[in-house]
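Biologist: Hello! I have a model on my screen and would love a close look at one part of it, with some context around that part. Could you walk me through it?

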Amino acid sequence: MTINGKKNRKTHWTKHFKAILNRYDLNDTLNQQDHKELLELIGYHDEASDKIGCGVDHFEVVIEPTYGGRRFEIVRIDGTRQDFSYIKCISKPKIRGDHFQEVMKAMRYEIIPQVIAFKEQQYGKKTYVRCA
């Protein structure tokens with residue numbers, strides 16, 4: 001995988017983009033260099049054109065509302081927002097067909113209430129828990 005003219009392994013890019021994600025405070029806008037790299041990275045997403053939409057104005061670091069973790073969010077030129085998984089871009093799934101992906105998506109959706117209940121039981125009503 002090549003980003004910013006540098007070719008590296010997936011493990012390198014995973015660490016690299018995780019470091020970028022953790023470098024910013026919540027709701028911060030990424031600097032120009034990080035913006036450029038994320039823009040290149042999103043090209044690897046299997047839904048890149050849908051994610052980009054009318055064009056990317058900037059990226060922000062936000063809290064993922066369902067699970068409470070940090071994530072990147074695209075803010076488009078028209079002001080609309082779109083979630084963005086750097087992991088999905090780096091770890092493009094092996095092509096197994098639409099049916100497999102739809103089944104996996106349905107299974108993940110079905111357990112959301114249990115995941116939320118578990119997190120609330122473990123962490124209370126905190127929306128963000130910092131890992132050591």
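Biologist: Let's begin at the end of a helix: which residue follows α6, and is its phi positive or negative?

Modeller: Happy to! Please keep in mind that this is a predicted model. The residue that follows α6 is Gly124, and its phi is positive, near 75°. The helix before Gly124 covers residues 112-123, which makes 12 residues. From the first C-alpha of α6 to the last, the distance is 16 Å, close to the 16 Å expected at 1.5 Å a residue.

Now for the setting of that helix. The chain contains six helices and five strands. Read from the N terminus, they come in the order β-β-α-α-α-β-β-β-α-α-α, so you will find α6 at the end of that run. There are 132 residues in the chain, and 29% of them count as buried. The accessible surface is about 9100 Å², with carbon and sulfur atoms contributing 53% of it. If you look at contacts with a separation of 6 or more, 54% join residues that are 24 or more positions apart.

From here, let's turn to the sheet. Three strands form an open sheet in the order β3-β4-β5, and their pairing is antiparallel. Its edge strands are β3 (56-63) and β5, each of which pairs on one side only. On average, neighbouring strands of this sheet are turned by 30° against each other, direction ignored. Between β3 and β4, the antiparallel pairing runs over seven bridges. For a landmark there, take Phe59, whose bridge partner in β4 is Ile74.

Two helices meet these strands. Helix α1 (residues 10-23) lies across β3 and β4, and it runs at about 80° to β4. Helix α2 (residues 32-42) packs on the sheet as well, where it touches β3, β4 and β5. The direction of α2 makes about 95° with that of β3.

Phe59 also takes part in an aromatic cluster, together with Phe72, Phe84 and Tyr86. The structure holds four aromatic pairs. In one of them, Phe72 and Phe84 have ring centres 6.1 Å apart and planes at 45°, so this pair is tilted. Phe72 sits in strand β4 (residues 70-76) and Phe84 in strand β5 (residues 81-84), so the pair links distant parts of the chain, 12 residues apart. Phe72 counts as buried because its relative accessibility is 0%. Phe84 counts as buried too, at 3% relative accessibility.

Another pair brings together Phe72 and Tyr86, with 5.9 Å centre to centre and 75° between the planes, an edge-to-face arrangement. Since Phe72 lies in strand β4 and Tyr86 in helix α4 (residues 86-90), the pair ties together parts that are 14 residues apart in sequence. Tyr86 has 10% relative accessibility and therefore counts as buried.

To come back to your starting point, rotate the view to the end of α6 and look for Gly124 with its positive phi.

Terms used
Residues are numbered from 1 along each chain as its sequence is written. This is a predicted model: local features need pLDDT of at least 70, side-chain atom pairs count only at pLDDT 80 or more; totals for chains, interfaces and linings use all residues. Side-chain values use heavy atoms; hydrogens and water are left out. Helices (H or I, at least four residues) and strands (E, at least two) are DSSP runs, numbered from the N terminus. Buried means under 20% relative accessible area, exposed over 50%, partly exposed in between (1.4 Å probe, protein chains only). Contact means heavy atoms within 4.5 Å. Accessible areas come from the Shrake-Rupley method with a 1.4 Å probe; for residues, only the protein chains shown count as cover. Rings of Phe, Tyr and Trp (its six-membered ring) pair if their centres lie within 6.5 Å; planes under 30 degrees apart count as stacked, over 60 as edge-to-face and the rest as tilted. Two strands pair if DSSP finds at least two bridges between them. Axes are lines fitted to C-alpha atoms, for helices over the stretch in contact, and angles run from 0 to 180 degrees between N-to-C directions. The expected span of a helix is 1.5 Å times one less than its number of residues.
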